[in-house]
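Open the model in your viewer and keep the selection tool at hand. We will go from stop to stop, picking side chains as we go.

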Amino acid sequence: MHCRVRISATSDEEAKVISRTLVEKKLVAGTMISKGNSHYWWKGKIVEKIYWNIGAFSLSIHKKAIIEEVEKMHSDECPIIAFNEIDGNAKFLEWIKESLD
């Protein structure tokens, strides 16, 4: 199964390290980093913070390894590492698969 991975990061540098590591280890085919405001509940309080979001494309067989790698590098106690099944044009899906072989 092809999937889109969404990963939070607490800084630009953390996002770049996570992104680069996942690509180098061939756990994701590619990434895109964006930045934005976030509001969320944490330990009974609403927190407002800027986060960097890493969008990546992978295969579900890499899910466990992606989670393990991100958790080693991430500074948050509970980072966002979310997976969604995707479909798309054949060339795009083949690129993901070929990039991870």
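**Stop 1: a pair in helix 1**

Select Arg-20 and Glu-24. Both sit in helix 1 (residues 12-24), and because they are four residues apart there, about one helical turn separates them. Keep in mind that this is a predicted model. Now show the side chains. Arg-20 forms a salt bridge with Glu-24, and the closest N and O atoms are 2.8 Å apart.

Are these two residues buried or exposed? Arg-20 is exposed, with a relative accessible area of 56%. Glu-24 is exposed too, at 53%. The cut-off for exposed is over 50%.

Why can such side chains pair? Opposite charges can pair when the charged atoms come close. The structure holds five salt bridges. Let us visit others.

**Stop 2: a network around Glu-69**

Select Lys-25 and Glu-69. Their side chains meet in a salt bridge, 3.2 Å from N to O. This pair links distant parts of the chain. Lys-25 is in the loop between helix 1 and strand 2, while Glu-69 is in helix 2 (residues 63-73), 44 residues apart.

Add Lys-72 to the selection. What does the side chain of Lys-72 meet? The partner is Glu-69, in a salt bridge of 3.1 Å, N to O. Glu-69 and Lys-72 both lie in helix 2, three residues apart, which is about one turn of the helix. Together, Lys-25, Glu-69 and Lys-72 are linked in a network of salt bridges.

Now show the surface. Glu-69 counts as buried, at 12% relative accessibility; the cut-off for buried is under 20%. Lys-25 is partly exposed, with a relative accessible area of 45%. Lys-72 is exposed, at 60%.

**Stop 3: Cys-3**

Keep Glu-69 marked and select Cys-3 in strand 1 (residues 2-9). The C-alpha atoms of Cys-3 and Glu-69 are separated by 17 Å, and the two residues are 66 apart along the chain.

How much of Cys-3 is accessible? Its relative accessible area is 1%, so Cys-3 is buried. Leave aside its neighbours within four places in sequence, and look at what Cys-3 is in contact with. Select Ala-56, Phe-57, Ser-58, Leu-59 and Ser-60, which are among these contacts. Then add Phe-83, Asn-84, Glu-85 and Ile-86, which also touch Cys-3.

**Stop 4: aromatic rings**

How many aromatic pairs are there? The count comes to three. Select Tyr-40 and Tyr-51. Their ring centres are 5.9 Å apart and their planes are at 70°, so this pair is edge-to-face. Tyr-40 lies in strand 2 (residues 30-42) and Tyr-51 in strand 3 (residues 45-59), so the pair ties together parts that are 11 residues apart in sequence. Tyr-40 counts as partly exposed, at 24% relative accessibility. Tyr-51 is buried, with a relative accessible area of 8%.

Next, select Phe-57 and Phe-92. Here the ring centres are 5.0 Å apart and the planes are at 85°, so the pair is edge-to-face. Phe-57 in strand 3 and Phe-92 in helix 3 (residues 90-99) are 35 residues apart, and the pair links distant parts of the chain. Phe-57 is partly exposed, at 24% relative accessible area. Phe-92 counts as partly exposed, with 24% relative accessibility.

For the last selection, add Trp-95. Phe-57, Phe-92 and Trp-95 form one aromatic cluster. You have met Phe-57 before: Cys-3 is in contact with it.

Key. Residues numbered from 1 in each chain as written. Predicted model: local features only at pLDDT ≥ 70, side-chain atom pairs only at ≥ 80, totals over all residues. Heavy atoms only, no water. Helix = DSSP H or I, 4+ residues; strand = E, 2+ residues; numbered from the N terminus. Buried < 20%, exposed > 50% of the residue type's maximum accessible area, 1.4 Å probe, protein only. Contact = heavy atoms within 4.5 Å. Phe/Tyr/Trp six-rings, centres within 6.5 Å; stacked < 30°, edge-to-face > 60°. Salt bridge = Lys/Arg side-chain N within 4 Å of Asp/Glu carboxyl O.
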